[in-house]
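Visitor: I would like to be walked through this structure slowly, with the reasoning behind each label set out as we go.

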Amino acid sequence: MLCTVLWEKEGATPGESSGMQYVCIVNPVAGKGSPAGGLAAKFAEFCRKKGVPCRIETTKAPGDAEEIAHRYASEGKEVRILAVGGDGTLGEAARGVMGSEAAVGILPCGSGDDYVRTFGKKEQFLSFEGQLSAREKVVDMIACRDESGPRPTALNLCSMGLDAKVAMNMTRLKKIPFVRGSMAYNLSLLQCLCGKLGLNLSVQVDGGEVITGCFLFALAGSGRYYGGGYCGAPRALPDDGLLDFILIRKPKLWRIPGLISVYKNGQHLDSEKMKDLTVFLRGKTVGIRGDKPNPVNRDGECEMGTQVCFSVLPGAVRFLVPAKGT
């Protein structure tokens with residue numbers, strides 16, 4: 001059973017309130033020393049003073065956020081669902097409301113909080129007043145498939161190769177005290193750079209020419225940021241019905257230290273330093289095949305795979321974007 005805490009308008013029976021209601025889905029283990037539960041309680045109190053119904057539900061296991069979001073989205077009532085946690089909680093909640101009229105948003109308090117960077121600053125999403133007046137923006141999601149069959153959909157970015165290996169190692173590093181967000185990513189990146197680099201890939205976008213070579217990684221983005229602030233897909237638009245595909249060829253080892261900041265700042269598509277290494281394409285579907293199993297990343301969820309397919313799901317979900325300056 002899911003742990004549930006409820007608040008409704010005074011005198012109302014749960015589930016019987018009229019008009020828009022908010023549901024906060026709290027991930028109590030998001031981030032490190034996360035204030036998720038306290039943040040949700042403060043938002044619920046703010047809603048109470050505004051006369052707006054709000055419920056708080058707490059997850060206990062992976063997948064709970066998707067189940068909770070789907071349950072509320074299926075009731076046919078006006079509902080806005082706020083993930084109180086990080087990108088993983090948001091991704092689960094987004095999967096739960098796909099195809100419904102319910103909107104999903106986030107009160108970000110995770111270790112990375114990367115998806116919101118595409119739309120504005122974190123503080124913008126932590127504004128309670130801004131959340132109540134947020135506009136609903138229809139955004140795309142990413143369908144994922146590997147050799148074993150369909151995988152859970154993603155909201156932000158997917159990849160195969162070095163950056164997926166970095167994400168895989170981050171899970172372990174974030175258990176170290178005081179290590180979180182970009183620090184965990186940078187430490188994991190350093191570890192991975194000390195190992196064997198490069199993977200032989202065949203990449204095809206929308207059935208076009210097959211691109212082959214030795215790459216550090218291949219990325220498919222609907223959002224722009226990942227890894228605690230790395231701008232991997234700087235031109236991606238989350239609502240254009242397309243994905244941005246970024247391939248980074250394996251450079252000489254001595255070049256890598258000078259390229260990391262270029263990539264992190266999202267300058268790799270225009271920089272002369274990376275012109276010979278970067279392949280940029282835009283389309284609806286990419287197929288990636290390796291000559292051996294490699295790490296695959298879907299919004300921070302990682303596993304090993306030999307071949308993957310990432311496809312855009314246009315207008316899959318309504319995302320809440322608070323107004324700037326609220």
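Guide: What follows is a set of questions and answers about how the labels on this protein are reached.

Visitor: What kind of model is this, and how many helices and strands does the protein have?

Guide: This is a predicted model, and the protein in it has eight helices and 16 strands. Buried residues make up 53% of its 326 residues, while the accessible surface comes to about 14,300 Å², of which 55% belongs to carbon and sulfur atoms.

Visitor: How do you know which parts of the chain the contacts join?

Guide: A contact requires heavy atoms within 4.5 Å. Among the contacts between residues at least 6 apart in sequence, 72% join residues at least 24 apart.

Visitor: What makes helix α3 a mostly covered helix?

Guide: The word buried is kept for residues under 20% relative accessible area, and in α3, which runs over residues 87-97, nine of the 11 residues are buried, so the helix is described as mostly covered. Among them are Leu90, Glu92, Arg95 and Val97. The helix is followed by Gly99, whose phi is positive, near 80°.

Visitor: Why is the contact between Arg318 and Glu101 called a salt bridge?

Guide: The label asks for a side-chain nitrogen of Lys or Arg within 4 Å of a carboxyl oxygen of Asp or Glu; the side chains of Arg318 and Glu101 meet at 2.8 Å, N to O, and therefore the pair qualifies. Arg318 lies in strand β16 (residues 301-321) and Glu101 in the loop between α3 and β5, so the salt bridge ties together parts that are 217 residues apart in sequence. The structure holds 19 salt bridges.

Visitor: Are Arg318 and Glu101 buried, partly exposed or exposed, and how do you know?

Guide: Exposed means over 50% relative accessible area, and partly exposed covers the range between that value and the 20% limit for buried residues. Glu101, at 62%, counts as exposed, whereas Arg318, at 25%, counts as partly exposed.

Visitor: What makes Arg151 and Glu303 a salt bridge, and where do the two residues lie?

Guide: Their side chains meet at 3.4 Å, N to O, and the limit is 4 Å, so this pair also earns the name. The pair links distant parts of the chain, with Arg151 in strand β7 (residues 149-154) and Glu303 in strand β16, 152 residues apart. Arg151 is partly exposed at 30% relative accessibility, whereas Glu303, with 16%, is buried.

Visitor: How do you know that Asp276 and Arg255 are paired, and which parts does the pair tie together?

Guide: The closest N and O atoms of Asp276 and Arg255 are 3.0 Å apart, so the pair meets the 4 Å limit. Asp276 lies in the loop between α8 and β14 (278-283) and Arg255 in the loop between β13 and α8, so parts that are 21 residues apart in sequence are tied together. Asp276 counts as partly exposed at 47%, but Arg255, at 19%, is buried. Elsewhere, salt bridges that share partners join Glu66, Arg95, Asp146, Arg151, Arg298, Glu301 and Glu303 into one network.

Visitor: Why is the patch that includes Lys250 called positive?

Guide: The patch is formed by Lys165, Lys196, Lys250, Lys252 and Lys292, and Lys counts as positive, so the patch takes that name. A patch residue needs over 30% relative accessible area; Lys250 has 41%, which places this residue in the partly exposed class. Lys250 is found in the loop between β13 (243-249) and α8 (256-264).

Visitor: What makes the phi values of Asp113 and Asp206 worth a remark?

Guide: Phi of Asp113 is near 50°, a positive value in a residue other than glycine, and Asp206 likewise has a positive phi of about 50° although it is not a glycine. Asp113 lies in the loop between β5 (103-108) and α4 (122-125) and is buried, at 5%. Asp206 sits in the loop between β9 (199-205) and β10 (210-221), and its 45% makes it partly exposed.

Visitor: Which residues does Arg117 touch, and is Arg117 buried or partly exposed?

Guide: Not counting residues up to four places away in sequence, Arg117 touches Gly112, Tyr225, Gly228 and Gly229. Arg117 lies in the loop between β5 and α4, and its relative accessibility of 34% makes it partly exposed. The C-alpha atoms of Arg117 and Gly223 are separated by 8.6 Å, although the two residues are 106 residues apart along the chain.

Key: Residues numbered from 1 in each chain as written. Predicted model: local features only at pLDDT ≥ 70, side-chain atom pairs only at ≥ 80, totals over all residues. Heavy atoms only, no water. Helix = DSSP H or I, 4+ residues; strand = E, 2+ residues; numbered from the N terminus. Buried < 20%, exposed > 50% of the residue type's maximum accessible area, 1.4 Å probe, protein only. Areas by Shrake-Rupley, 256 points an atom, 1.4 Å probe, with all protein chains shown as cover. Patch = residues over 30% accessible without salt bridge, like charges linked within 9 Å, V, L, I, M, F, W, Y side chains within 5 Å. Charge placed at Lys NZ, Arg CZ, Asp CG, Glu CD.
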